[in-house]
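Hi there,

Here is the structure I promised to pass on. Have a look at it first, and then read my notes below.

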Amino acid sequence: MVYGVLRRKAAILAVDGREMTCMRKTPVLLMTYRKPEFLSALHAVLLDYRPPKLYVAHNPASAYDNYDEVMAVRRMVAEWRLPFPVEYVFHESHFPINESFHKSLDYVFSVEDNLIVLEDDTLPSPDFFTFCNTMIERHSGDDSVGRIVGCTLGARASRHFSVRVPFSVFNWGWASWAGKWKQARATALPWGNDSHLQERLSSANEFYSSFLPKLDMNTITWDVRLAWAQLLNNSDVLLPSDNLVVNRGFGSKASFTVMSQHRAGELTVDAGPVPASEPWPLVKDLAFTRDYEEITAGLIRDILAAKGVLARYGLE
C-alpha cells in the first residue's frame, strides 16, 4: 500500500517463445479516468514504443460521475496484455484531480529517475518518445531545464529543432526527471503576485498579471502549479518545433478543456523524417516562443470563459 493505491505487477509476456526486451530507456506513466473511447489507440502506441515499464494510474468515480463508465476504464486497462512490465496504480477511493495527479506522480517519481507522462486523451506520435528520450539524456543534470513537453499548441518554427520556453502549462504529453518533480513539489508559491513572470516571458502579457495573483491553494491546478514552481526555479521547458502530441479530449468529459470545439483540439502531429545526426538541436527562436506564450494565455482564457469564471480573475 503506497499513498492509498493498490499495486499489481504484470509478467513480461513472451512472443514466439522468446521474452521481449525493451530497447527504450524511459518508462511511461499513463493517467486514466473516464475516457474509454481513446484507450485502444493508446494501447497500440504503447505496444509500438515498448517502454521498459508502464505505470497505469486510475482514479475511481466520484459521486458526480457515471460509475460504470469510469470503472470500465479500470477493467479495460487491467486486461491489457503487454510484452513489458506493467504496474497498476489504482486508487482505492476518489481524489480530486489535483490530489490524484500529485499522489500518482509522487509515487512513480519515488521509484523512477525519469518518466514520460501521458493522459488517456492524449495521442503521441512515435517521434514524441524519441524526442523525450533524446532530451532526457541530453539534459540530464541540467539545472536550467525542468520539463519536456510534446505539444506545441500550434506554435510553428523550422522543422526538427528543440526550443526553450520559460512557462508551459499544458502538459499534453510530457517528461521530466524525479529531482525536478520533487524540487517543484517542494517550492512554495508566492500567492498574490505574478512572481516576476513578465520578466521571463519573451514579451509582456497582461493576462498573467491578472491571472496568477488571483490563484490560491483552492483554485490552482496541478499543471499550473508545476509550471509556476519551475519558473521560480529558473527551469525552462523544452518543446519540439514539430507538434508531436494531440489532445482529443475536448468536450463535456474534460476537467478543464470543456469546449466542444477549439482550434487546440484540432491540431495534428507533424510527420516527417528526423535527422539521425544530432536530432532536435537546441535553437533560440523568439518568434516561436512569443507565439507559444500568446497561444497559452489565450487557451487559459478560453477555458476560464467556458467554465464561466473569467470575472473571478478580473478578466471580463
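**Notes on the model**

Let me start with a loop: Leu153 sits between strand S9 (145–149) and strand S10 (162–165). Please keep in mind throughout that this is a predicted model. The phi of Leu153 is near 65°, which is a positive value in a residue other than glycine. Is Leu153 buried or exposed? Leu153 has a relative accessible area of 5%, under the 20% that marks a residue as buried.

A second residue of this kind is Asn234, with a positive phi of about 55° although it is not a glycine either. You will find Asn234 in the loop that joins helix H8 (222–232) to strand S12 (236–240). With a relative accessible area of 49%, Asn234 is partly exposed, whereas Leu153 is buried.

**Cysteines**

How many disulfides does a search of the whole structure find? The search comes back with zero. Cys132 is in no disulfide, and the nearest cysteine sulfur to it, that of Cys151, is 12 Å away. Since a disulfide needs two cysteine sulfur atoms within 2.5 Å, that distance of 12 Å rules out a bond between Cys132 and Cys151. Looking from the other side, Cys151 has the sulfur of Cys132 as its nearest cysteine sulfur and is likewise in no disulfide. Cys132 counts as buried, at 0% relative accessibility, and Cys151 is buried with a relative accessible area of 0%.

**The whole protein**

Stepping back, the protein is built with nine helices and 14 strands. Its radius of gyration is 19 Å, close to the 20 Å that the globule rule gives for 316 residues, so the protein is as compact as a globular protein of that length. Along the principal axes, the C-alpha atoms fill a box of roughly 60 × 50 × 35 Å.

Of the 316 residues, 55% are buried. If you take the contacts with a separation of 6 or more, 83% of them are between residues 24 or more positions apart.

For the surface, the protein exposes about 13700 Å², and carbon and sulfur atoms supply 50% of that area. As for charges, there are 33 positive and 37 negative ones, and the mean positions of the two sets are 3 Å apart.

Happy to talk any of this through whenever it suits you.

Best wishes

Technical notes: Residues numbered from 1 in each chain as written. Predicted model: local features only at pLDDT ≥ 70, side-chain atom pairs only at ≥ 80, totals over all residues. Heavy atoms only, no water. Helix = DSSP H or I, 4+ residues; strand = E, 2+ residues; numbered from the N terminus. Rg over C-alpha atoms; globule rule 2.2 N^0.38 Å. Buried < 20%, exposed > 50% of the residue type's maximum accessible area, 1.4 Å probe, protein only. Contact = heavy atoms within 4.5 Å. Areas by Shrake-Rupley, 256 points an atom, 1.4 Å probe, with all protein chains shown as cover. Lys, Arg positive; Asp, Glu negative; His and termini not counted. Charge placed at Lys NZ, Arg CZ, Asp CG, Glu CD.
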